Amino acid sequence: MNFRSGKISLLYVSSFLSLFFYSCRPQHDYESGATDFPFEEWTIQDFHQGYEDGSLSVREVVEVYLSRIEEIDQAGPELKSVLQVNPDALAIADSLDRLRSEGKVAGNLFGIPVLLKDNLDTQDKMATTAGSRALAGSMPLKDSFVAKKLRESGAVILGKANLSEWANFRGELSSSGWSGIGGQTKNPYYLDRNPCGSSSGSAVGVSANLSVLAIGTETNGSIVCPSHANGIVGIKPTVGLVSRSGVIPISYTQDTPGPMARTVRDAAIALGCLVGVDPEDEKTLTSAGNYQSDYLPYLKEDGLKGKRIAWFKGPSGRNYKVDQLMEKAVSQMESLGATIIPIEEIEPSGTGSHSFEVMLYEYKDGLNRYFAGLGPEAPIKSLEDLISFNKKDSISLKYHNQVYLEQAQEKGDLSDEAYQDALAALNRMSREEGIDKVLESNDLDAIIAPTGSPAWKTDWINGDGFQLGSSSPAAHAGYPNITLPMGFIGGLPVGISIFGTAWSEPVLLEIAYAYEQNTQYRSPPLFIQETD
C-alpha cells in the first residue's frame with residue numbers, strides 16, 4: 001500500500017519548526033535529501049521529559065512520525081518497512097493527551113510510538129497478514145496479548161511492519177524482508193543490502209527512526225539477525241516470558257515476541273511492559289516468579305565486572321573482519337572486568353535436525369489453529385487452503401517456493417511418536433547437553449558470539465547470503481538472547497549476541513548495558529544508494 005498524501009504535510013513542517021528547539025542532538029544531513037527529523041535517536045526518557053514539562057504533546061509526536069513514514073519509507077529511499085499505518089493513531093494520541101491534561105498519565109510507554117511486526121494480531125482497523133497475499137484484509141477477532149499489554153502501557157501502535165513472508169518459513173531461496181504484500185524491505189545503511197529477517201521491517205523502522213520501538217518475533221534468528229544487520233538492540237526472551245497468543249505461529253517450542261530498540265535501556269523498558277502470565281499461552285505459566293515488570297535496576301555501567309563469559313568460537317574463521325571485531329569486543333569486556341573463556345562447541349551435532357522436525361509438526365498444528373480462530377469469514381481456513389492459494393497467485397511464488405509449507409502439511413498431529421521423540425531430543429540436546437552444560441561446567445554467567453556478518457546484497461534469484469550466525473543454540477533451547485552493535489564493517493553494522501540459560505534476562509541486560517555504555521557503537525543510517 002502507498003500511504004503518501006501527494007503533498008508535504010503542513011502539520012509536519014509546523015511541528016518541526018516548533019519542536020526543533022527541543023532536539024538535544026544535531027540534525028542529520030541525509031543523503032536521500034529527506035526532511036530533517038526533530039526526534040532523531042530520541043529515547044523513551046527524552047519523550048517522557050517533553051511530556052512532563054509540557055513541551056511536547058503526543059499528537060505532535062505522532063504527526064511527525066507519520067509524516068516521516070510517508071517521506072522516508074513510502075517515498076524517498078522507499079525503505080518499505082511499514083506495511084500499513086494505523087488510521088486511529090492520531091485519535092489514540094489525542095486520547096492520551098486528554099489523559100495527560102487530567103493528570104492521569106500512566107504506563108511506562110506513555111505516548112511512545114511502536115511498530116508491530118505484521119504477524120501480531122490487533123483488533124482495530126489494521127489487518128494481520130504475515131505479509132501474505134492470502135491473508136490480505138484478514139481482521140483478527142481480538143488483540144494479541146502483546147498488543148493488549150502495549151495499549152495498557154500507554155503506547156501508540158503506529159502501524160504494522162513488513163516482514164519476511166510467513167516469518168521466513170515458507171520455502172527455499174527466500175530473500176529476507178520480502179513479502180507478497182509489502183515487497184522488499186531495504187537496509188537503511190546501504191539500500192541495496194538486505195535487512196535480514198524475518199523481523200526486517202521492525203528493525204528497519206527502529207533504525208531509520210520511523211518509530212521509537214518495534215516488536216519482532218523469533219523462532220531462530222528473526223529478532224537478533226535483523227537487529228544486528230540494522231544496527232539496533234534486539235531482545236529474544238526466554239520462551240514463555242512474553243505470550244504468543246494472537247501471534248501467527250511457526251513453533252510452539254521456539255516462538256517468542258520481543259522488543260527492538262535503539263538502546264538497551266529502551267529495550268529493557270519495553271520488555272518489562274510485555275511480560276506476564278497469559279492463560280491462553282501455557283508456556284507463560286512457567287514465567288510466574290521469573291519475570292520482572294521493571295528491568296531497569298539491572299542496567300549498570302559496571303555490569304561486566306566479575307562476570308565469567310564464554311566466547312563461542314563456532315562462527316570464527318568464516319569472515320576475518322567479523323573475527324577482528326569480535327576480538328576487539330572480547331578485549332573491551334576484559335578491560336571492564338569480565339573473564340572470557342573460549343569454547344568451541346555448545347550443542348551436540350544433530351540438534352538442528354530435531355528442531356526442524358519439531359517446527360514442521362508444530363507449524364501445521366499452529367497454523368490450522370490460528371486460521372480456525374479467525375472465524376467463519378476468514379479468507380484462509382487451513383494450511384491446505386494456503387498452499388492452494390499460493391499455487392494460483394501470480395506473485396506469491398514468483399521468487400521462492402513453499403516447500404516448508406508443503407512438508408508441514410504432510411506431517412501428522414502432535415501425538416505422533418516421531419514428533420514426541422524429536423521434541424524430547426531437541427530439549428535434551430539444546431539444554432542439559434547444550435547451553436546449561438556449558439554454563440555449569442565452566443561456572444559461567446553467559447555466552448557471547450558475533451550475531452552475524454555484514455548484510456549481503458539483496459538477491460531475489462539466489463536468495464539470502466548468510467555467512468555466519470549464532471542464534472541457533474539459544475533458539476533451540478528456548479533461552480534468551482540479546483544482540484547489540486559492536487562496530488561497523490564497510491559502513492554496515494555488526495552485532496554481538498549475549499545469551500544464557502532460561503530466565504537469565506537480568507544478567508544478560510547487565511552485560512549488554514555495560515558493554516553498550518562503554519562502547520557506544522550505535523550510529524544512525526544515511527540511506528546510501530549502493531555499496532561499491
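**Core, disulfide and cavities: a reading**

User: Where do I start with the interior, and which residues have the most contacts inside the largest nonpolar core?

Analyst: The largest nonpolar core has 97 residues, and Phe47, Met333 and Ile448 have the most contacts inside it. Keep in mind that this is a predicted model. The general idea: in soluble globular proteins, nonpolar side chains tend to be buried together.

User: What is Phe47 in contact with, leaving aside its neighbours within four places in sequence?

Analyst: Phe47 is in contact with Phe39, Trp42, Leu56, Val61, Tyr65, Ile112 and Val212. Another core lies apart from the largest one. That other core has 22 residues, among them Trp166, Ile250, Leu367 and Ala408.

User: Now the cysteines. How many disulfides are there?

Analyst: First the idea: a disulfide is a covalent bond between the sulfur atoms of two cysteines. Here the count is one disulfide. Cys196 is joined to Cys225, with an S to S distance of 1.9 Å.

User: Which parts does the pair tie together?

Analyst: Cys196 sits in the loop between strand S5 (183-184) and helix H6 (200-207). Cys225 belongs to helix H7 (residues 224-229). The pair therefore ties together parts that are 29 residues apart in sequence.

User: What is the handedness of the disulfide of Cys196 and Cys225?

Analyst: Read the torsion about the S-S bond. For Cys196 and Cys225 that torsion is about 100°, so the disulfide is right-handed.

User: Are Cys196 and Cys225 buried or exposed?

Analyst: Apply the cut-off: buried means under 20% relative accessible area. Cys196 has 1% relative accessibility, so Cys196 counts as buried. Cys225 has 11%, so Cys225 counts as buried too. Cys273, at 6%, also counts as buried.

User: On to empty space. How many cavities of 30 Å³ or more does the structure hold?

Analyst: The method first: rolling a probe the size of a water molecule over the atoms shows where empty space is left. The structure holds four cavities of 30 Å³ or more. The largest has a volume of about 80 Å³. It is lined by 15 residues, and Asn119, Thr217, Thr219, Ile248 and Asp255 are the closest to its centre. By class, that lining has five nonpolar, six polar and four charged residues.

User: And the second largest cavity: which residues line it?

Analyst: Its space is about 60 Å³. The lining is Val233, Arg262, Leu484, Pro485, Glu516, Thr519, Gln520, Tyr521 and Arg522. Strand S12 (481-489) and helix H15 (505-519) are the elements that give two or more residues to this lining. The lining of the second largest cavity divides into four nonpolar, two polar and three charged residues.

Conventions:
Residues numbered from 1 in each chain as written. Predicted model: local features only at pLDDT ≥ 70, side-chain atom pairs only at ≥ 80, totals over all residues. Heavy atoms only, no water. Disulfide = S-S within 2.5 Å. Helix = DSSP H or I, 4+ residues; strand = E, 2+ residues; numbered from the N terminus. Buried < 20%, exposed > 50% of the residue type's maximum accessible area, 1.4 Å probe, protein only. Core = buried A, V, L, I, M, F, W, Y, C linked by side-chain atoms within 4.5 Å. Contact = heavy atoms within 4.5 Å. 1 Å grid on protein atoms, 1.4 Å probe; cavity = no way out; pocket = protein on both sides within 12 Å on 5 of 7 lines; lining within 4 Å. Points joined across faces, edges and corners; volume = space filled by probe spheres on them. Nonpolar A, V, L, I, M, F, W, Y, C, P; charged D, E, K, R; others polar.
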